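Here are my notes on the model you sent round. Please read them with the structure open.

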Amino acid sequence: MDVQSILLDTSFCIRLLNEKDPLHKNVLGFYRYFLEKDFRLKLSTISVAEYCVKGALDEIPFRNLEVLPFNILHATKAGEFAKVVFQKKDQLGLRSRLIIPNDTKLFAQAQVDYDVTHFATSDLESIKVFDVLAANNNINFNVMNIREPYSNVLGILRFD
């Protein structure tokens with residue numbers, strides 16, 4: 001089996017690093033599983049910027065993460081994705097200025113970086129945007145909703 005690569009959303013980092021967050025235990029389960037199974041964990045520079053709004057750079061566990069810089073190929077794909085989302089903005093309940101921001105950019109990175117198999121997020125609005133893009137584009141990755149226990153999402157039998 002090929003090594004799976006997962007792009008982590010900012011929400012993943014926030015919940016992983018905040019023990020008081022209601023989703024911390026879920027996210028910690030995902031994180032441990034990913035590390036045990038040698039998944040490649042990627043974090044976008046976009047997510048780093050978002051995290052640093054309220055957190056500090058030195059809190060992020062970079063030793064286990066591969067940083068994915070946002071580049072011109074990602075920007076081009078983000079524009080293509082934003083065009084689709086603009087067309088569906090009323091269906092999604094989005095204001096025009098909120099379309100290109102970070103969700104669309106992160107999805108573009110996952111799409112362009114062909115070894116990314118999954119995007120891990122707890123952001124339900126982001127998942128709505130993904131669903132629209134998946135219905136209108138040939139998307140080569142899936143979304144993992146980290147609001148669900150990792151054993152349910154990954155189909156793992158647990159005995160704890």
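The points below cover the sheet, one residue in it, and two helix pairs.

1. The model is predicted, and the remarks here should be read with that in mind.

2. The sheet is open and has five strands, all in parallel pairing, in the order β3-β2-β1-β4-β5. Its edges are formed by β3 (66-68) and β5 (142-145), each of which pairs on one side only. From one strand to the next, the twist averages 35 degrees.

3. Within this sheet, strand β1 (residues 5-8) runs parallel to strand β4 (residues 116-121), and four bridges join the two. Opposite I6 stands H118 of β4.

4. Is S5 buried or exposed? S5 belongs to strand β1. Its relative accessibility is 0%, and since buried means under 20%, S5 counts as buried. Leaving aside residues up to four places away in sequence, S5 touches R40, K42, D115, V116, T117 and H118. H118 is thus listed both as a contact of S5 and as the residue opposite I6.

5. At what angle do helices α1 and α2 cross? Helix α1 (residues 10-17) and helix α2 (residues 24-36) cross at roughly 105 degrees, and their axes come within 8 Å. Angles of 65 to 115 degrees count as roughly perpendicular, and α1 and α2 are therefore described that way. On the α1 side the residues involved are F12, R15 and L16, which meet H24, V27, L28, F30, Y31 and F34 in α2. By class, the contact of α1 with α2 comprises seven nonpolar residues, one polar and one charged.

6. Helix α4 (residues 72-87) packs against helix α6 (residues 102-112) at an angle of about 120 degrees, the axes being 8 Å apart. That angle makes α4 oblique to α6. The crossing of α4 past α6 is right-handed. From α4, the contact draws on L73, H74, K77, A78, F81 and A82; from α6, it draws on T104, K105, F107, A108, Q109, Q111 and V112. Seven nonpolar, four polar and two charged residues make up the contact of α4 with α6.

7. How many residues of α6 are buried? Eight of the eleven are, so α6 is largely enclosed by the rest of the structure. The buried residues are T104, L106, F107, A108, Q109, A110, Q111 and V112. Among them, T104, F107 and V112 are buried and also take part in the contact with α4.

Technical notes: Residues are numbered from 1 along each chain as its sequence is written. This is a predicted model: local features need pLDDT of at least 70, side-chain atom pairs count only at pLDDT 80 or more; totals for chains, interfaces and linings use all residues. Side-chain values use heavy atoms; hydrogens and water are left out. Two strands pair if DSSP finds at least two bridges between them. Axes are lines fitted to C-alpha atoms, for helices over the stretch in contact, and angles run from 0 to 180 degrees between N-to-C directions. Angles under 35 degrees count as roughly parallel, over 145 as roughly antiparallel, 65 to 115 as roughly perpendicular and the rest as oblique. A crossing is left-handed if the near helix is turned anticlockwise from the far one by less than a right angle, and right-handed if clockwise. Contact means heavy atoms within 4.5 Å. Ala, Val, Leu, Ile, Met, Phe, Trp, Tyr, Cys and Pro count as nonpolar, Asp, Glu, Lys and Arg as charged, and the others, Gly among them, as polar. Buried means under 20% relative accessible area, exposed over 50%, partly exposed in between (1.4 Å probe, protein chains only).
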